[in-house]
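Please open the structure in your viewer and keep the selection tool at hand, since this tour moves from one selection to the next.

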Protein chains: 2
Amino acid sequence: MEKKNLITPKKLQGFWELMPKEQILFSSILNKLEEVFKQNCFVPLDTPVLEYSEALLAKSGGDTDKEVYRFTKGSTDMCMRYDLTVPLARFVSMHKEELAFPFKRYQIGKVYRGERPQKGRFREFYQCDADIIGNETLSMVADAECVNLFEKCFNALNLDVEIRVSNRKILSGYIQEIEKEDKTNDILIVLDKLSKIPFEEAVNMLAEIGLTEQQCNNIINLTKTTGSITEINQNLTNFCQNELFQLGLSELQETDKYLQLMGSKAVIYDLSIIRGHNYYTGTVFEAFLKNSEVTSALGGGGRFENLCSYFSDKKMPGVGMSVGVTRLFDLLSKQEGYFDTALANDIDCAIITFDDTFDAGLKLVADLRKEDIKAESFYENKSFKSKMKEANRRQIKYVVIVGEEEVATQQYTLKDMTTSEQEKLSIEKIVEKIKSDRMCK
Amino acid sequence: MEKKNLITPKKLQGFWELMPKEQILFSSILNKLEEVFKQNCFVPLDTPVLEYSEALLAKSGGDTDKEVYRFTKGSTDMCMRYDLTVPLARFVSMHKEELAFPFKRYQIGKVYRGERPQKGRFREFYQCDADIIGNETLSMVADAECVNLFEKCFNALNLDVEIRVSNRKILSGYIQEIEKEDKTNDILIVLDKLSKIPFEEAVNMLAEIGLTEQQCNNIINLTKTTGSITEINQNLTNFCQNELFQLGLSELQETDKYLQLMGSKAVIYDLSIIRGHNYYTGTVFEAFLKNSEVTSALGGGGRFENLCSYFSDKKMPGVGMSVGVTRLFDLLSKQEGYFDTALANDIDCAIITFDDTFDAGLKLVADLRKEDIKAESFYENKSFKSKMKEANRRQIKYVVIVGEEEVATQQYTLKDMTTSEQEKLSIEKIVEKIKSDRMCK
């Protein structure tokens, strides 16, 4: 044999790639979320991974420019998308005459950020977004619909979460009231960090921005406001008479009214929810696991004033939500038992044959698959023993033993590998048993 | 308002992007295919879009180099994948100690080719592949399994196709017999074009390669051999005693035996099937629509000797299939009625309210969605009339009218917009009716 220069097979560093068992779980998470989006009348969108740099970078600041995968082919300057929001803006702007508004779309897709890989951060990873875009105006019902949809996503995954909801107008209104409007973003950035930095440090930072001690205390106290909508109202109605503040409060109330009608059960109001992005202008929300060591958010969303400002003079307000599927997968795959119960086993049963029943085994596989049973015959392993060993190695629950007698009588030996119990059954009974087994999972 | 420089929203030329209605159909095609793969015990794989150029271009010839999207970031030379096979080879080579063999994986993903866009050709498009990879050896059962899987894919889409199967060893054996072995690829390339070029031209090309007139006629006649396995045997057993030729013939027979056991019904043998790629070494197959003006193949596949030759000294034979989903979508979306019947309507019913029943309408939407009915209230359109208009414009079959009386009696007016018939029903009856309607589609 000729000696060749072999290339070491390597995956790019920081790129997400799962082994098949993990991939089955991850795909099942995505499928469940997609089902929720469809049930709630969101339509799918699948924009290209590549976009014109001009379009993709119009909105972004300097940081994104550095992180983005950008290159030229021929005379075309292009980028790989770094999120799904800018492509949505491009799509909506291009097709605004044809689309029905409010435009409710979801998109689950990979995005690319060339930053230094670190724990929990990837250069290629999935985003899972749903947004409602209005034409000129958008009712507050949309805000409630997004929060409600977000809750349904976690319900579909059997995760017990709290959706913490706020409205940025409340904090912004207070900042307006104390005449620090021009510093709104700086102040919100500090408040967003409150849970991560020492209290003293936060106070110092706010003082540097120009807040008095009293104002510091007031605004920090304000972010600590949390509870039911009634509690929020009781605590805040007289806190500040600023118009924007009061508008935020009444928007929060309206959101709650719709959420009640929609049957939301996991919502709690919490003014510490700010969301980093400064394009959020009203409702903001995040999801947190209940009774868990994991304290970071599993995604969130909010209302923005104008999706398409860089592409169009027309105002297109929107509200959106994003499930942190990479983090969610990481979490779920480590949860004891979750893998076993959530994971539809990739193989229901192994068909074990002898030399002279090999063909009969193949036919049995075909018959079982026709009944939606994932049956597999290890056709590479010729001997009975090696087939049994393979079934064991793959931790397949059932084996169906196909000997001469079984073929003659059409009664096959079904063995439960977890209990070692076995019985002779017809194909119909085997199908029945495996299917009823599935229901119990 | 400040005047901004607006950017014209544009999509990159030649990149696949669908409007929501079309996307629903396309996604449903992909979902059905994925279901078939899962049912047949194939596991999902989702490799990154970007790979090291060294790995991705190891196998490819010069052409691919020019077409590929290649760029450098930092010191890393990388490419966007142009198919799903090389990433599979990279993955299998990296993980061969951990994977169970035969490794049966499917992958549905976008690939990138920077060629000049033309009708039916895209720079970004989906590939939909399933492959079975062996470790050192791979039984002929795998070939049959791939052909059978391919057939099931089209069955799942309700397409009446013929799967035309051949084995390259037969033609290669004859070429060996006439001592033109070193010209095998050149000859196969001519034979692959037979249906597209005039007979005379083909003869001339074969003569140029060095075949005698008799050999030309013989090999062209050979490619015309088509029929059942019995007919193929009758016609070819004595055609040529070359060992490779006879091996090809017996492999074809073995494939047929397994296909019968698996219940395949759409297979026909046809020696004109060659498949362009010269890495196929045995079984080759393609699918064609029956009774259709579309004469080109809707995908195909075949057996290859070694998937990982550039990454490993270990031999990893495989057999794979690929459904041409872009072409298929193009075809199906033009078929009269297909859109209507295949397309699960994105909205089942519109909830039409009056000013004072708006809230009750929202609750009804929530109740119906809980029962898996895609209900939508057009909350942007405030008046009864504008809501009705919107339902019409979106061609939604049912509207549920929610007036004061309906709210009081919990009996809602369900109107079939296609027949204008209407009746008063409870929520349960509405759910029942819409669901039974779905079953008829």
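Begin by colouring chain A and chain B separately, and keep in mind that this is a predicted model. If you superpose chain A on chain B, the operation that does so is a rotation of 180 degrees with 0.0 Å of shift along its axis, and the RMSD is 0.1 Å. That is the relation of a two-fold axis. To find where chain A comes nearest to this axis, select Phe71(A), whose C-alpha is the nearest one in the chain and lies 3.3 Å from the axis.

Next, select the residues through which the chains touch, where you will find 70 residues from chain A and 70 residues from chain B. Colour the chain A side of this contact by class, and it divides into 37 nonpolar, 11 polar and 22 charged residues. Why can we say that the copies meet through the same surface? The reason is that 100% of the interface residues of chain A are also interface residues in chain B.

Now hide chain B and colour chain A by domain: domain 1 covers 13-141 + 306-344, domain 2 covers 160-297, and domain 3 covers 347-440. If you mark the centres of domain 2 and domain 3 of chain A, taken over C-alpha atoms, you will see that 59 Å separate them.

Return to Phe71(A), which stands opposite Met78(A) in E4(A). Select strand E3 (residues 70-73) of chain A together with E4(A), and you will see an antiparallel pair held over 4 bridges. These strands form a hairpin with 2 residues between them, and in this hairpin Gly74(A) takes a positive phi near 60 degrees. Then add strand E2 (residues 50-52) of chain A, which runs antiparallel to strand E4 (residues 76-80) of chain A and is joined to it by 3 bridges. Within that pairing, Leu50(A) is found opposite Met80(A).

For the last stop, select the strands of the open sheet of 9 strands in chain A, and follow them in the order E1-E5-E6-E12-E11-E10-E7-E9-E8, noting that the pairing is mixed. Which strands are the edge strands? They are strand E1 (43-44) and strand E8 (226-227) of chain A, each of which pairs on one side only. Inside this order, pick out strand E7 (residues 161-167) and strand E10 (residues 280-289) of chain A, which pair in the antiparallel sense over 7 bridges. You can finish by selecting Asn167(A), which stands opposite Thr283(A) in E10(A).

Technical notes: Residues numbered from 1 in each chain as written. Chains lettered and ligands numbered in written order. Predicted model: local features only at pLDDT ≥ 70, side-chain atom pairs only at ≥ 80, totals over all residues. Least-squares fit on C-alpha atoms with pLDDT ≥ 70 in both. Contact = placed C-beta atoms within 7 Å. Nonpolar A, V, L, I, M, F, W, Y, C, P; charged D, E, K, R; others polar. Domains from an automatic or database assignment. Pairing = 2+ DSSP bridges.
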